[in-house]
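Please open the model in your viewer with the sequence panel beside it, and keep a selection tool at hand. The stops below say what to select next and what is to be found there.

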Amino acid sequence: MAGMNRPAPVEVTYKNIRFLITHNPTNVTLNKFIEDWPFDDGAPPSNQIVDDWLSLVKIKFREEPGCCIAVHCVAGLERAPGLVALALIEGGMKYEDAVQFIKQKQHGAFNSKQLLYLEKYRPKMRLCFKDSNGHRNNCCIQ
């Protein structure tokens, strides 16, 4: 792994949310990461990881509008872009648009298993807020 060619970190900004897709943190940067949810390389995340991830995204962007959430995996090409795509989809972006948006910034992102997972993923609009009447009116991705 020492000779692995890793792409540079890329920022994905959509409306008022920002993500930084990167490879593994170093010992120097590890303290900047607040959560770590490992799952198998090349595989889609478990339902629990998806729930935890989307909950974190919603909370962070509500508490700190304009913040940037860094997401990492070994090379920054599969798992990290997949989680960012899920957030974009939950925020109202179509699957195809989310994948294309990320691929434009992170060439080589996604594998066929992840693309199939994202294509079949059905968003619950978890990154949208409800008004006082219980109606969804504002996505945290504005």
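Select Gly 92 to begin: this residue follows helix H2, and its phi is positive, near 110°. Helices here (H or I, at least four residues) and strands (E, at least two) are DSSP runs numbered from the N terminus. The model is a predicted one, in which local features need pLDDT of at least 70 and side-chain atom pairs count only at pLDDT 80 or more, while totals for chains, interfaces and linings use all residues. Residues are numbered from 1 along each chain as its sequence is written, and side-chain values use heavy atoms, with hydrogens and water left out.

Now step back and select residues 79-90, which form H2. This helix has twelve residues and spans 17 Å from its first C-alpha to its last, close to the 16 Å expected at 1.5 Å a residue, where the expected span is 1.5 Å times one less than the number of residues. Colour the selection by accessibility, and twelve of the twelve residues of H2 prove to be buried, a term that means under 20% relative accessible area, with exposed over 50% and partly exposed in between (1.4 Å probe, protein chains only). Among them are Arg 79 at one end of the list and Glu 90 at the other.

Next, add residues 112-120, helix H4, to the selection. Two packed helices are described by the angle between their axes and the distance between the axes. H2 and H4 pack at an angle of about 10°, with their axes 11 Å apart; the axes are lines fitted to C-alpha atoms, for helices over the stretch in contact, and angles run from 0 to 180 degrees between N-to-C directions. That angle makes H2 roughly parallel to H4, since angles under 35 degrees count as roughly parallel, over 145 as roughly antiparallel, 65 to 115 as roughly perpendicular and the rest as oblique. Show side chains, and Arg 79, Gly 82, Ala 85, Leu 86 and Ile 89 of H2 meet Gln 114, Tyr 117 and Leu 118 of H4, contact being heavy atoms within 4.5 Å. By class, this contact of H2 with H4 has five nonpolar, two polar and one charged residues; Ala, Val, Leu, Ile, Met, Phe, Trp, Tyr, Cys and Pro count as nonpolar, Asp, Glu, Lys and Arg as charged, and the others, Gly among them, as polar.

Hide H4 and select residues 47-63, helix H1. The axes of H1 and H2 come within 10 Å and cross at roughly 65°, and the two helices are therefore roughly perpendicular to each other. On the H1 side the contact is made by Ile 49, Val 50, Trp 53, Leu 54 and Val 57, and on the H2 side by Leu 83, Val 84, Leu 86, Ala 87 and Glu 90. By class, the contact of H1 with H2 has nine nonpolar, no polar and one charged residues.

While H1 is shown, pick Ser 55, which has its place in this helix. Is Ser 55 buried, exposed or partly exposed? At 38% relative accessibility, Ser 55 counts as partly exposed. Measure from Ser 55 to Ala 87, C-alpha to C-alpha: the two are 10.0 Å apart in space and 32 residues apart in sequence.

Finally, select Lys 124, in the loop between H4 and strand E4 (128-130). Lys 124 counts as exposed, at 52% relative accessibility. Its C-alpha lies 9.3 Å from that of Gly 91, although 33 residues separate Lys 124 and Gly 91 in sequence.
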